[in-house]
Amino acid sequence: MSLDKTYKLVPGTTIFDAEQSAKGYHLNQFCMSLMTAENRAAYLADERAYLDAWPLREEQKQALHDRDLNAAMREGGNIYFLAKWGATLGFSFQQMAGSMTGMTEEEYRAMMVGGGRSVEGNRIDHAVLDAAYTNPEPPAEHATITGAVFTSHVPAIGAALDHGKTEEPYWQPVFEGYEYSKTWERENVPDVIFLVYNDHASAFDQSMIPTFVLGTGASYSIADEGYGPRPVPGIDGDPDLAAHIAHSLIRDDFDLTLVNEMAIDHGLTVPLSLMFGDVEKWPCKVIPFHVNVVQYPVPSGARCFKLGQALRKAIESYDRPLTVQVWGTGGMSHQLQGPRAGLINREWDNAFLDRLIADPAGLAEVPHLEYVEEAGSEGIELVMWLIARGALSDVDGTGDVEVKHRFYHVPASNTAVGHLILENHPRAEAPAEGEN
Ligand SMILES: O=C(O)c1ccc(O)c(O)c1
């Protein structure tokens with residue numbers, strides 16, 4: 001067992017982590033469906049028929065049929081979700097909790113009235129815990145970050161691709177800037193892309209403004225941003241690597257929102273199209289990572305840069321020999337609103353690219369106000385590039401980066417297009433320090 005899942009040693013206890021969440025996803029979502037009187041009535045009228053409409057495993061259906069909450073928990077159920085099911089059947093929380101202990105309802109109630117279960121005799125076996133701490137097994141093999149791609153993600157670029165306009169004089173210079181990139185990407189297809197982007201009021205509306213969202217799902221649909229969904233393939237995620245990253249980043253104090261289902265907008269699909277062209281299926285898995293840069297307060301460049309550093313530790317402690325690219329998208333200078341719309345600042349953008357290559361730690365100290373003043377209100381998207389940059393191994397001196405390609409062009413719609421490819425060359429066997 002990996003050192004950081006020592007919670008599994010607590011006796012008689014199931015911790016609801018990303019692993020359990022993935023296992024119990026449909027079971028828990030079924031429970032959520034019981035939050036309307038109409039659905040509860042339908043379930044009670046014919047439990048089996050109702051359950052059969054959900055993609056549940058037979059073990060999960062059996063657990064519900066048997067009213068066996070321990071089995072339901074083993075199958076990934078979480079008590080707060082299962083409580084909706086229990087309430088539908090008329091159980092109180094006390095009845096539900098007691099039913100898992102092997103006691104009768106009366107015995108359990110009496111135990112609670114008597115002061116509750118004692119922690120004595122219910123602690124971890126410390127011999128096992130100590131052994132786990134003294135013999136942490138470093139992974140024999142681990143994932144490696146092979147490079148970072150930085151690019152603008154203008155929706156009009158997607159529209160130009162989708163409508164066959166790439167050879168038009170307006171667009172040709174933009175796409176020419178990605179010719180080398182497509183070849184490089186074809187020759188360096190990773191197993192997984194960790195793609196940092198911002199949702200543009202497509203998956204998240206004003207009902208929820210999460211700062212950092214990690215996509216932990218198996219697949220993602222393409223958002224309809226008002227013109228119909230882009231005609232590009234859906235995205236396959238990597239729930240296992242994403243769960244590992246979630247675990248590592250949250251342990252490192254980055255409070256993420258984990259999202260299993262969301263529609264993906266141009267922020268993610270346009271970079272994929274630019275790098276892979278028109279394909280039937282994306283050639284690798286993609287873990288989407290959304291950063292709120294729409295409603296202030298938005299995270300600082302410094303926070304994003306630190307997140308990138310923690311991300312490298314997370315990826316390199318994953319015990320499979322995967323190759324991973326980290327992409328930072330958005331920007332460069334643009335302002336889409338108000339009398340200052342159309343603002344472009346070539347000097348600032350190019351200085352940003354220079355510093356991103358040679359002085360990322362210094363660049364990370366640039367305050368928001370400078371992004372907005374110099375690069376326009378939507379230029380703030382550039383803070384996301386610092387996540388990808390922080391994940392490269394020169395940052396802590398354990399490797400080097402190599403500039404493979406740099407491109408800058410004005411305009412694409414209202415925006416300056418910037419693009420950079422950095423290859424990551426970690427020195428042999430020097431993964432970021434991590435104990436995950
Ligand atoms: O320039 C534009 O048209 C444009 C529109 C929407 C965006 O999110 C963007 O980055 C650019």
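Here a student and a tutor talk through a predicted model, starting with its ligand.

Student: Which pocket does the ligand sit in?
Tutor: Good place to start. To count as sitting in a pocket, a molecule needs more than half of its atoms within 2 Å of the pocket's grid points. For this ligand, the match is the second largest pocket.

Student: What is the volume of the second largest pocket?
Tutor: Let's think about how empty space gets found. Rolling a probe the size of a water molecule over the atoms shows where empty space is left. For the second largest pocket, the volume comes to about 840 Å³.

Student: Which helix gives the most to the lining of that second largest pocket?
Tutor: The lining has 40 residues, and V154, P155, A156, E225 and H266 lie nearest the centre. Two elements give two or more residues to the lining: helix 11 (155–162) and helix 15 (266–276). With five residues, the one that gives the most is helix 11.

Student: How many charged residues are in the lining of the second largest pocket?
Tutor: Split the lining by class. There are 17 nonpolar and 17 polar residues. That leaves the charged class, with six.

Student: And how many charged residues does the shell around the ligand have?
Tutor: The ligand's surroundings are V154, P155, H200, H266, H334, L336, E381, A412, S413, N414 and T415. By class, that shell has four nonpolar and six polar residues. Glu counts as charged, and the shell's charged count is one.

Student: How far is an oxygen atom of the ligand from an N or O atom in the side chain of S413?
Tutor: A polar contact needs a pair of N or O atoms within 3.5 Å. A polar side-chain atom of H266 lies 3.0 Å from a ligand oxygen, and the side chain of N414 has an N or O atom 3.0 Å from a ligand oxygen too. For S413, the distance is 2.6 Å.

Student: How much of the ligand's exposed area does the protein bury?
Tutor: Picture the ligand on its own first. Taken alone, it exposes 290 Å². Of that area, the protein buries 87%.

Student: Where does M332 lie, the residue after the cis peptide bond from G331?
Tutor: The bond from G331 to M332 has omega near -5°. Another cis bond runs from V410 to P411, with omega near 0°, and P411 lies in strand 10 (residues 399–412). M332, though, lies in the loop between strand 9 (323–329) and helix 17 (346–358).

Student: What is the phi of A201?
Tutor: Find A201 in the loop between strand 2 (192–197) and strand 3 (212–215). A201 is not a glycine, yet its phi is positive, at about 55°.

Terms used. Residues are numbered from 1 along each chain as its sequence is written. This is a predicted model: local features need pLDDT of at least 70, side-chain atom pairs count only at pLDDT 80 or more; totals for chains, interfaces and linings use all residues. Side-chain values use heavy atoms; hydrogens and water are left out. A residue is near a molecule or strand if one of its heavy atoms lies within 4 Å of it. A polar contact is a pair of N or O atoms within 3.5 Å; within protein, one must be able to donate a hydrogen and the other to accept it, and residues adjacent in sequence count only if both atoms are side-chain atoms. Accessible areas come from the Shrake-Rupley method with a 1.4 Å probe; for residues, only the protein chains shown count as cover. On a 1 Å grid over the protein atoms alone, a cavity is a set of points where a 1.4 Å probe fits but cannot get out, and a pocket is an open set with protein on both sides within 12 Å along at least five of seven lines; lining residues have an atom within 4 Å of a point. Grid points are joined across faces, edges and corners, and a volume is the space filled by probe spheres set on the points. Helices (H or I, at least four residues) and strands (E, at least two) are DSSP runs, numbered from the N terminus.
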